[in-house]
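Colleague: I'm new to this one and would like a walk through it. Could you put it up so that we can go over it together?

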Amino acid sequence: MKTILIFLFTTICSISYAQEKKQSSEPQYFLVHYTTGEAWNHSKPTHEQAFFREHSQHLSELRKKQIILIGGRFSDTGMLILKADHETAASELIHADAAIIHKTFKTEIAPFDPFNGG
């Protein structure tokens, strides 16, 4: 009887550990909110802003790699949802953008936990 209990305990612990490990290795989702930065030129339209072409190319690459799930503009801001292993990785992806580096845009990044798969 003791052997059976030890076996069951070990099996349950192993399954629990494997599930936790699987969950922690799954990508997380992050919401990125874009606003105009210090270098934004209010006399020019969006597509004529400094580093806008590079910004578009950067986002295009992230879409091709299926890192960006959805994105769009609203009012004078933008938003996207991306997946990454952790928040630092998400930040590194976003801050590799020339428009962020040169302050055409600024961003806020926050964890995003969808409750409806839509």
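Modeller: Sure. Before we start on the strands: two strands pair if DSSP finds at least two bridges between them. Keep in mind, too, that this is a predicted model.

Colleague: With that rule, how many bridges join strand 2 and strand 3, and in which sense do they pair?

Modeller: At least two bridges are needed for a pair. One spot to look at is Arg-73, which stands opposite Gly-78 in strand 3. Strand 2 and strand 3 pair in the antiparallel sense, and the number of bridges is six.

Colleague: What links those two strands, and how many residues sit between them?

Modeller: Look at the loop between strand 2 and strand 3, where you'll find Ser-75. Ser-75 isn't a glycine, yet its phi is positive, at about 50°. The two strands form a hairpin, and the number of residues between them is two.

Colleague: Is Ser-75 buried or exposed?

Modeller: The cut-off for exposed is over 50% relative accessible area. Ser-75 has 79%, so the word for it is exposed.

Colleague: Which residue in the loop between helix 2 and strand 2 has a positive phi?

Modeller: Go to the loop between helix 2 and strand 2 and find Gln-66 there. Its relative accessibility is 56%, so it counts as exposed. The phi is about 60°, and the residue, not a glycine, is Gln-66.

Colleague: Back to the sheet. What is the order of its strands?

Modeller: Let's build it up from the pairs. Strand 2 and strand 3 pair over six bridges, strand 1 and strand 3 over seven, and strand 1 (residues 28-36) and strand 4 over eight. Together they make an open sheet of four strands with antiparallel pairing, in the order 2-3-1-4.

Colleague: Which strands are at the edges?

Modeller: An edge strand here pairs on one side only. That describes strand 2 (68-74) and strand 4 (105-112).

Colleague: By how many degrees are neighbouring strands of this sheet turned against each other on average?

Modeller: Direction is ignored for this value. Averaged over the neighbouring strands of the sheet, the turn is 20°.

Colleague: Which residues in the other strands stand opposite Leu-31 and His-33?

Modeller: Start with strand 4, where the bridge partner of Leu-31 is Ala-110. Then turn to strand 3: opposite His-33 stands Met-79.

Colleague: How many residues of strand 3 are buried?

Modeller: Buried means under 20% relative accessible area. Strand 3 has eight residues and is mostly covered; the number buried is six.

Colleague: Which helices lie on the sheet, and at what angles do they run?

Modeller: Helix 2 lies across strand 1, strand 2, strand 3 (77-84) and strand 4, at about 145° to strand 2. Helix 3 (residues 87-95) packs on the sheet as well, touching strand 1, strand 3 and strand 4. Its direction and that of strand 4 make an angle of about 155°.

Colleague: Is His-55 buried or exposed, and what is it in contact with?

Modeller: You'll find His-55 in helix 2 (residues 52-64). Its relative accessibility is 7%, so it counts as buried. Leaving aside neighbours within four places in sequence, its contacts are Tyr-34, Asp-97, Ala-99 and Phe-105.

Colleague: Last one: which residues make the nonpolar surface patch?

Modeller: The patch covers about 340 Å². One of its members, Ile-70, has its place in strand 2. The full set is Tyr-29, Leu-69, Ile-70 and Phe-112.

Note on methods: Residues are numbered from 1 along each chain as its sequence is written. This is a predicted model: local features need pLDDT of at least 70, side-chain atom pairs count only at pLDDT 80 or more; totals for chains, interfaces and linings use all residues. Side-chain values use heavy atoms; hydrogens and water are left out. Buried means under 20% relative accessible area, exposed over 50%, partly exposed in between (1.4 Å probe, protein chains only). Contact means heavy atoms within 4.5 Å. Axes are lines fitted to C-alpha atoms, for helices over the stretch in contact, and angles run from 0 to 180 degrees between N-to-C directions. Patches are made of residues with over 30% relative accessible area and no salt bridge: like charges are joined within 9 Å, nonpolar side chains (Val, Leu, Ile, Met, Phe, Trp, Tyr) within 5 Å. Accessible areas come from the Shrake-Rupley method with a 1.4 Å probe; for residues, only the protein chains shown count as cover. A salt bridge is a side-chain nitrogen of Lys or Arg within 4 Å of a carboxyl oxygen of Asp or Glu.
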